[in-house]
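These notebook entries record what I looked up in one protein model. I worked from the whole chain to single residues.

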Amino acid sequence: EDSAGASGDASSAPRGFPLDLPPRHARCLAALPPRKRDGPARAVEATRGLVRVLEEGREVARAAIGGVPALLDVAADTICVATWDGRIHILTHTGSKCCLPVVVGAPPHTIKVAGDAVAVIACDGDTTLYNWKTRKTLVRANARALFEELAPTDDEKLQYTKWRLEDVEIAGSGSTVRILVSSGRSYEYDTDAQMWIELASAEYTHSAHLSRYPGVSTTSELFSACVQVAVRDRLSLQRPDRLTADAHATSHLEHALLTGKYLGESAQTDALRHLVLHLTTVADIARLRALAESMVAERQHERVRDEVLPIIATNPELQPVFSEIQQLCTSSADDAFAL
């Protein structure tokens, strides 16, 4: 069975492609940042075979390109035009070419330019992140599996669902790509692991216990966006029993802690605090012990002492595990000093 409601208008997608074709416009138009504060309004216009830079409606630069423009994006110093034949033209605001056209193959679905990098997601799911100054391809991966889902229904039939691409972000100081999908999930391409990593999912948000930890939902702007997308598409999130709700809360908070490794130190610190608070509240001794042991093994005994133990100390019932973890930190610190 096909789920049409999740993907919007699927009629414009080529057969066998997970993503729709770009809009069929006679021209693409985008605003350019002014040269200086309070400077004249500027824009760039791309039509068949031609790119024009306009200032107060007057043409100030022109460049010829091959192909029919499909998508257009701009940055502080750069113009990026994707054509229907899968070529990416990168120009300066004066119309000069930054590099030779980059060929991605299938028609483009989305492009995003930031700094010296351009991200392209084609209709077949192929995702490319290219730095034209270094002439390095930073990401070359297929994201088709992120937009398509085949799963059994309650009546044991198979249902095929196609999700929309909601947003693309060039992350990691221009080294990788994050994407937001209408399923309520966001992903980042891990260039070390060479695979897509799920950063956030709206599936965990139906735990009522998460309302205790408001900071977690803002650990990543993408996570908030995931929740909004899920609500907009009215995903069915049933209210679970307490044990299930606790499990969802724990899983989400652990997920947030792992996500913090991608989002930065402050996000990781915030997620750690909320995870320990939750585990302390529900008195999950096994997970508290495992968390402390894993952090000590990574030589983070000072963080355990300063960030984990003060929270555990707020629950008198956890005095035994508090003492155990405290002793673990002391032993680890002595071992490290001896080395």
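The entries below follow the order of my look-ups.

**Entry 1. Overall make-up**

I note at the outset that the model is predicted. I counted the secondary structure and found 7 helices and 19 strands. I then looked up burial for the chain of 339 residues, and 47% of them are buried. For contacts with a separation of 6 or more, I found that 47% join residues 24 or more positions apart.

**Entry 2. Helix α4**

I turned next to α4, which spans residues 265-281. The helix has 17 residues, and I read 24 Å from its first C-alpha to its last, close to the 24 Å expected at 1.5 Å a residue.

Which residues of α4 are buried? I listed Ala267, Gln268, Asp270, Ala271, Leu272, His274, Leu275, Val276, His278, Leu279 and Thr280. These buried residues pack against α3, α5 and α6, the last of which covers 301-312.

Just after α4, I found Ala283 with a positive phi of about 55 degrees. For reference, most residues other than glycine have a negative phi.

**Entry 3. The contact of α4 with α5**

I looked up how α4 and α5 pack and obtained an angle of about 150 degrees, with the axes 9 Å apart. On the α4 side, the contact is made by Leu272, Leu275, Val276, Leu279 and Thr280. On the α5 side, Arg287, Leu288, Leu291 and Met295 meet them. By class, I recorded 7 nonpolar residues, 1 polar and 1 charged in this contact.

**Entry 4. The second largest pocket**

I then looked up the second largest pocket, which holds about 260 Å³ of space. Its lining consists of 15 residues, and those closest to the centre are Leu257, Leu258, Leu291, Ser294 and Met295. Which elements give two or more residues to this lining? I found α3 (242-263), α4 and α5 (285-297). Leu291 and Met295 thus appear in two of my entries, as they are among the residues closest to the pocket centre and also belong to the α5 side of the contact with α4. The lining divides into 7 nonpolar, 3 polar and 5 charged residues.

**Entry 5. Glu188**

I located Glu188 in strand β18, residues 185-190. Is Glu188 buried or exposed? Its relative accessible area is 6%, so I entered Glu188 as buried, the cut-off being under 20%.

Leaving aside neighbours within four places in sequence, I found Glu188 in contact with Ala171, Thr176, Val177, Arg178, Met195, Trp196, Ile197, Leu199 and Tyr262. I looked further at Tyr262, which lies 74 residues from Glu188 along the chain, and read 8.5 Å between their C-alpha atoms.

**Entry 6. Positive phi in two loops**

I checked two loop residues for their backbone angle. Asp38 is not a glycine, yet has a positive phi of about 65 degrees. I placed Asp38 in the loop between β2 (28-32) and β3 (42-47). With a relative accessible area of 77%, Asp38 is exposed.

Gln194 is likewise not a glycine and has a positive phi of about 60 degrees. The loop that holds Gln194 runs between β18 and β19 (195-201). I entered Gln194 as exposed, at 61% relative accessibility.

**Entry 7. Arg27**

I found Arg27 in the loop between β1 (2-3) and β2. Its relative accessible area is 44%, so Arg27 counts as partly exposed. Not counting residues up to four places away in sequence, Arg27 touches Glu45, Ala46 and Thr47. I also read the C-alpha separation of Arg27 and Leu71, which is 9.2 Å, with their positions 44 residues apart in sequence.

**Entry 8. The loop between α6 and α7**

My last look-up was the loop between α6 and α7 (319-338), where I found Thr314. Thr314 is exposed, at 58% relative accessibility. From Thr314 to Thr281, 33 residues apart in sequence, I read 9.0 Å between C-alpha atoms.

Ala313 is found in the loop between α6 and α7 as well. I entered Ala313 as partly exposed, at 46% relative accessibility. The C-alpha atoms of Ala313 and Ser323 are separated by 9.5 Å, and the two residues are 10 apart along the chain.

Definitions and conventions:
Residues numbered from 1 in each chain as written. Predicted model: local features only at pLDDT ≥ 70, side-chain atom pairs only at ≥ 80, totals over all residues. Heavy atoms only, no water. 1 Å grid on protein atoms, 1.4 Å probe; cavity = no way out; pocket = protein on both sides within 12 Å on 5 of 7 lines; lining within 4 Å. Points joined across faces, edges and corners; volume = space filled by probe spheres on them. Helix = DSSP H or I, 4+ residues; strand = E, 2+ residues; numbered from the N terminus. Nonpolar A, V, L, I, M, F, W, Y, C, P; charged D, E, K, R; others polar. Axes fitted to C-alpha atoms, helices over the stretch in contact; angles between N-to-C directions. Contact = heavy atoms within 4.5 Å. Expected span 1.5 Å × (residues − 1). Buried < 20%, exposed > 50% of the residue type's maximum accessible area, 1.4 Å probe, protein only.
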